[in-house]
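Ready for a little practice in reading a protein model? Have the structure open beside you and work through each exercise at your own pace.

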Amino acid sequence: MAFTRHTSKDVAGYNKVLLELCWNREGNYLGMISSDRSVKVGQLDKSGTFQNVHNIPTTTTMTQLCWNPVDDSRIGMCGEDKYVELWDVRASKASMKLPTSANNISIGWSPCGTFMAVGNKSDLVTVFDLRTGSVLRKKKFNYEVNDIVWTANPNYLLAATGGDGAGYLDILSLLNPTDPEAALTDINNIHISSAASNSSSTSNTSSAAGELSLLQRVTAHVDNCISLRIDPACRRLAVGGLDRTVSFWDLEDMVCLHTTPVESEVRGMTYSGDGQYLAVVGVDTNIYICDTSSAEAVSKVVCRHKVSSASWHPQTNLNLLAVALEDRSPAPQYLRFLAFPTA
């Protein structure tokens with residue numbers, strides 16, 4: 001695919017720096033964290049028209065957002081005010097507001113839509129049961145936790161961590177095994193790439209809040225791991241690090257398939273709708289497109305401005321990349337759409 005032959009459009013109306021953005025599952029809503037202490041929601045209709053439909057006011061600057069994987073109109077967000085907020089984009093107030101212990105930097109919604117995982121600057125990961133608003137599991141780490149992501153099986157989480165001069169991939173479980181040693185040796189049988197256990201509760205979880213189980217810590221990079229993304233088929237994991245590489249992992253066997261070097265420290269990543277390509281956001285002004293099968297960085301998209309976040313549209317027939325610009329002078333337009341050829 002010729003990514004250099006793309007069209008670029010700066011979207012009017014977004015005149016404040018955008019810090020993060022993400023499409024929902026269907027691709028009809030785009031959530032955007034704005035530096036003006038709001039979360040904006042844009043709607044892309046079937047005719048291709050994009051317009052802002054909701055502004056969610058916040059008391060602080062949010063740091064990350066995520067969409068409910070089973071309800072396309074519900075969005076979750078976390079920020080520096082020690083709260084997690086859940087909104088329906090059609091509502092005028094939050095449907096739920098959950099207190100946490102420190103400023104939050106990462107958030108993830110379980111595939112069953114029942115649990116919410118949040119990581120904060122104190123390296124504490126907390127899992128909430130959204131049916132009750134209570135804490136289900138939590139774990140305090142003595143090393144850096146930069147990102148968290150749910151697997152297809154809602155009993156398991158992955159965390160991008162760092163420390164001791166290396167980057168790690170931590171495998172976490174909501175289950176409380178009766179034999180922790182057996183759980184550690186049985187890591188290849190947990191089926192984290194399978195949605196077969198995609199239920200909202202399990203017989204092995206207790207009613208009282210307990211600790212997340214650390215099943216395994218895998219050395220993944222030679223510097224801190226920063227970003228995690230699972231492909232649309234829930235079969236492969238991309239891990240981005242400060243060592244200017246992206247590693248691709250098979251979630252069935254938890255083995256590294258290959259690594260791809262890029263020209264910048266990795267800031268964020270997003271898979272194409274078919275999972276064939278991965279767009280990598282660095283700390284420079286470029287977006288690096290990697291072929292997930294060949295392990296090649298097949299293209300470099302020059303944006304001429306620093307990029308804070310990017311999100312690939314989930315529909316395979318619409319090869320559209322939404323880009324949040326961090327530095328856009330003199331024209332204050334911070335949302336850009338890149339349309340690539342579909343064949």
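Two exercises on aromatic rings and one on charges over rings follow. This is a predicted model, in which local features need pLDDT of at least 70, side-chain atom pairs count only at pLDDT 80 or more, and totals for chains, interfaces and linings use all residues. Residues are numbered from 1 along each chain as its sequence is written, and side-chain values use heavy atoms, with hydrogens and water left out.

**Exercise 1.** Classify the ring pair of Tyr14 and Phe50.

*Solution.* Start with the rule: rings of Phe, Tyr and Trp (its six-membered ring) pair if their centres lie within 6.5 Å; planes under 30 degrees apart are stacked, over 60 edge-to-face, and the rest tilted. Here the centres are 6.4 Å apart and the planes meet at 45°, a tilted pair. Next, place the residues: Tyr14 is in the loop between β1 and β2 (18–23) and Phe50 in strand β5 (residues 50–57), so the pair ties together parts 36 residues apart in sequence.

**Exercise 2.** Do the same for Phe50 and Phe337.

*Solution.* The centres lie 5.1 Å apart with the planes at 85°, so this pair is edge-to-face. Phe337 belongs to strand β29, and the two residues are 287 apart in the chain. Both Phe50 and Phe337 are buried, meaning under 20% relative accessible area (1.4 Å probe, protein chains only).

**Exercise 3.** Which ring does the charged end of Lys97 sit over?

*Solution.* Recall the test: NZ of Lys or CZ of Arg within 6 Å of the ring centre and within 35 degrees of the ring normal. Lys97 sits over Tyr83, 4.8 Å from the ring centre.

Methods:
Helices (H or I, at least four residues) and strands (E, at least two) are DSSP runs, numbered from the N terminus. Buried means under 20% relative accessible area, exposed over 50%, partly exposed in between (1.4 Å probe, protein chains only).
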